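Reader: I am new to this one, and I would love a friendly tour. Could you show it to me and then take my questions one at a time?

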Amino acid sequence: MGERMSIGREQVLHVAKLAELAVREGELDRLVDQMNRIVDYVAQLDQVPADRMAAPFLPGPASAALRKDVPNPVPLARPPAEFAPEFVDGFFLVPRHGAMEEL
Amino acid sequence: VSARAVAKETGARLAAAEPLNATLHWSQALLDAEAARVDATPAPGPLAAMPIAVKDNIATVEQPTTCASRILEGYVSPFTATAVRRLRAAGALIAAKTNMDEFAMGSSTEHSAFGRVKNPIDPDRVPGGSSGGSAALVAADVVPAALGSETGGSVRQPASFCGVVGMKPSYGRVSRYGLVAFGSSLDCISVFGRTVEDAGRVLSVMSGHDPLDATTLDRPPMPVPTPLPDLRGLRVGLPREYYPADLHAGVAAALQRTRAAILELGGQICEVSLPHSPYAVPTYYIVAPAEAAANLARYDGVRYGPRKVGPGSDIRALYQATRGEGFGAEVRRRILVGTYVLSAGYYEAYYRKAQQVRALIAEDFRQVFASGVDLLLTPTTPTPAFRAGEKTEDPVSMYLADIFVCAISLAGLPAVSLPVGRSDGLPVGAQLIAPYFEDERLLAAAAAIEGAVQPGAEVR
């Protein structure tokens, strides 16, 4: 993993922003410590020789068998109108939320 | 016996087991409705009136599906998981939804938003995880079988800690439709049973291709395994990386007894090597959090569950406040680690490297099985069940509880944990691993071994 540096507060806050997670100030130091322990631990993959690298592996079927491209009814126990506040003409209606309209 | 009578008895047992905190949702009324449906069916099928508990990350329409998370509190799925639909069609009664580590992230069922589950053998100890509620209900004799899910050992490890059978099928054997996604390249609906036979019957019904999950293989369902009368002609490999010098003495003794039972049944034992298995846990703790960070992006306070409005009125404040408060500590930690290893500048060093080591781990298994070894035998866990609170402050020490189960998940192979003895009263599990899609043969051999060991007997 080459040049690794330990993760600092700024980096944890940056990753939290990417992940859309609010981090409380009081828990930040503990998170920094735990993330460093986890990342230090997984860094032992450095020891696996690079010249023995294989292509990535995924289990399961070699290629996904696709269904015929025909619309099927979605097997729902209740119609969409029953689990959303409002459902009109095939669309869920949600409350307008602040700056969402400006994005 | 009528399903109605089974429902009544199961309700009484669920009520008596409440102190374990193993269930999140159940009611006598729902059990009775399940029974009425089965009793009204002329030919109820191979699981007629069998009560089965279901982990709370598997979708059912009658009860909530919360993944033991505040972020999904009260969420009721509008569809039923394929596995559950198939169990019902075979006559099973869905008995309860079970407690678990939040979003299946954990090895002790202490990371539930609704409180920890107690191990029925010793309430001061953990039942293992993340499917600890399901394991505890089978161990406490509340139900003969229960569904769990595995991403990196979450059924085999609690099966070992609770002294029951835990079977993880081959990836692609059972549909993931309706299983809440955690690590999509690893997730498998899996099964606990009091016996190998119970687990095999349930797996047989659940298995088979599902057009709603393109990662299921287009092959017929697994037949119900017929126990082998003996193990003559079978070669069982002991991978040396799974028998460290400092293995817990009780676990080592129980495995020694299992080897003796295999020899007595006519099986052969040989030593083998899986040289990349020691890298399984660090590989897993890159791959699984990366997939989880992507899968859990959908819980944003708009589409599911409760919503928290953060400071300011923009949509990102809504996301961040909802997710920051809705997810527990372990889930947040894994989302952060997953996001970190996928972020610009780190993707190649961590995620790509882990994917490549994953291929080497899988290749080790392929080569050993190609060399004429039929099954592998390892301990399921390095120690018996640990005490509650012992590992909650140190995530890495908690992750190491999965040291013998992770590699199999990364390789997509089938494996079963069998109770093979007790050490100071605590159950010890042995893990049998088979080649890809040899689930039936694995269970047939496991049933022979099950009949030759005394799971309730002390080993030293």
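Reader: Is Asp213(B) buried or exposed?
Author: Residues here are numbered from 1 along each chain as its sequence is written, chains are lettered from A and ligands numbered from 1 in the order in which they are written. This is a predicted model, in which local features need pLDDT of at least 70, side-chain atom pairs count only at pLDDT 80 or more, and totals for chains, interfaces and linings use all residues, while side-chain values use heavy atoms, leaving out hydrogens and water. Buried means under 20% relative accessible area, exposed over 50%, and partly exposed in between (1.4 Å probe, protein chains only). Asp213(B) has 6% relative accessibility, so Asp213(B) counts as buried.

Reader: Which side chain is joined to that of Asp213(B) by a polar contact?
Author: A polar contact is a pair of N or O atoms within 3.5 Å; within protein, one must be able to donate a hydrogen and the other to accept it, and residues adjacent in sequence count only if both atoms are side-chain atoms. At 2.6 Å, the partner of Asp213(B) is Thr215(B).

Reader: Which backbone oxygen does the side chain of Ser190(B) reach?
Author: Ser190(B) sits in strand S6 (residues 188-193) of chain B; strands (E, at least two residues) and helices (H or I, at least four) are DSSP runs, numbered from the N terminus. Ser190(B) is buried, because its relative accessible area is 0%. At 3.1 Å, its side chain reaches the backbone oxygen of Cys188(B).

Reader: Why does Cys188(B) not form a disulfide?
Author: A disulfide is a pair of cysteine sulfur atoms within 2.5 Å, and the structure holds zero of them over all chains. Cys188(B) is buried, at 3% relative accessibility. Its sulfur is too far for a bond because the closest cysteine sulfur, in Cys406(B), is at 13 Å.

Reader: How many residues of chain A are in contact with chain B?
Author: Contact means heavy atoms within 4.5 Å. On the chain B side, 66 residues take part, and they meet chain A residues numbering 52.

Reader: Which three residues supply 12% of the area that chain B buries against chain A?
Author: Buried area is the accessible area (1.4 Å probe) that two parts lose on being put together, summed over both. For chain B and chain A this is about 5400 Å², with 68% of it on carbon and sulfur atoms. More of chain B's share than from any other three residues comes from Pro78(B), Leu336(B) and Tyr340(B).

Reader: How many salt bridges does the rule find across the interface of chain B and chain A?
Author: A salt bridge is a side-chain nitrogen of Lys or Arg within 4 Å of a carboxyl oxygen of Asp or Glu. One pair is Glu27(A) with Arg332(B), at 2.7 Å from N to O. Another is Arg37(A) with Asp394(B), at 2.9 Å. Across this interface the rule finds four.

Reader: How many residues apart are Lys97(B) and Asp56(B)?
Author: Their side chains meet in a salt bridge at 3.2 Å, N to O. The pair links distant parts of the chain, with Lys97(B) in strand S3 (residues 93-98) and Asp56(B) in the loop between strand S2 (51-55) and helix H3 (82-89) of chain B; the separation is 41 residues.
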